[in-house]
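Biologist: I would like a close look at a single part of this protein rather than a tour of the whole. Please take one helix and explain how its residues are placed.

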Amino acid sequence: MNETKVCSMVKDLLPLYVDNLTSKETNDAIESHMEACQSCQNECRLLREDAGEEGLRQKLPAEHSAREIDYLKKLKKYQNINLVMGAVISFFLGMCLLPAISVLSFLDKGIQDYQLARFQIAWHIVLYKMFLWGVAACALYLFCMFIIRKGMRRKCAA
């Protein structure tokens, strides 16, 4: 292959080489070319100076990728905790809807004796309805979060 073409290809690959993003075979080819080519050596030196300290840059990718993976794991755990906490909060808020509606209906005319007696007899039905309202609110929350996450994944994939 023509030496100028090889030099041009090596110069194109040097930013990736400096950031340790090239394969071992490509690294070997670039290094063997730079042994003979002063221009590519100078270009590599300039890129490394722009990138920072040479020793730190060569150690960074392995540490950096491990940190990035740890960070992504923590982020995923944080998102899952938020999802569960949101579901629990929406469940309890949903449970509070029925008593809130009942209290609002009593504000204007007060609690009648028959209503209080009915509540005392059928408190288990009220609790059951509260539970169902909580489950409905929780299901609605989880459905909305599923739609939002699905939309975010599509946006990230595009």
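Modeller: What follows is a walk along helix α2, with the loop before it and the core to which it contributes. The model is a predicted one, and its secondary structure comes to 6 helices and 0 strands, so that α2, covering residues 24–36, belongs to a chain whose elements run α-α-α-α-α-α from the N terminus.

I begin with the length of the helix. With 13 residues at 1.5 Å a residue, α2 should span 18 Å, and because its end C-alpha atoms lie 19 Å apart, the expected and the modelled spans agree.

Next comes the question of which residues of α2 are buried and which are exposed. Asn27, Ile30, His33 and Met34 are buried, and because these four cover an arc of only 135° around the axis, they sit on the same side of α2. An α-helix has 3.6 residues a turn, so residues three or four places apart point the same way. On the other side of α2, Lys24, Glu25, Glu35 and Ala36 are exposed.

Among the buried residues, Asn27 deserves a separate word. Its relative accessibility is 16%, and because buried means under 20%, Asn27 counts as buried. Leaving aside residues up to four places away in sequence, Asn27 touches Tyr17 and Thr22.

Asn20, by comparison, is placed in the loop between α1, residues 3–18, and α2. Its relative accessible area is 32%, which makes Asn20 partly exposed, since that class lies between the 20% limit for buried and the 50% limit for exposed. The phi angle of Asn20 is near 55°, a positive value in a residue other than glycine.

Two of the buried residues of α2, Ile30 and Met34, also appear in the largest nonpolar core, which has 10 residues and includes Cys7, Val10, Leu14, Tyr17 and Val18 as well as Cys37, Cys40 and Cys44. The helices α1, α2 and α3, the last covering residues 38–51, each supply at least two residues of this core, and the largest share, 5 residues, comes from α1. Tyr17, which Asn27 touches, is thus also one of the members of this core. A second, separate core of 6 residues includes Ala87, Phe91, Met95 and Met130.

As a setting for this part, 16% of the 158 residues of the protein count as buried, and the accessible surface comes to about 12,300 Å², with 65% of that belonging to carbon and sulfur atoms.

Terms used
Residues are numbered from 1 along each chain as its sequence is written. This is a predicted model: local features need pLDDT of at least 70, side-chain atom pairs count only at pLDDT 80 or more; totals for chains, interfaces and linings use all residues. Side-chain values use heavy atoms; hydrogens and water are left out. Buried means under 20% relative accessible area, exposed over 50%, partly exposed in between (1.4 Å probe, protein chains only). Contact means heavy atoms within 4.5 Å. A nonpolar core is a set of buried Ala, Val, Leu, Ile, Met, Phe, Trp, Tyr and Cys residues joined through side-chain atoms within 4.5 Å. The expected span of a helix is 1.5 Å times one less than its number of residues. The arc is that of the directions from the helix axis to the C-beta atoms. Accessible areas come from the Shrake-Rupley method with a 1.4 Å probe; for residues, only the protein chains shown count as cover.
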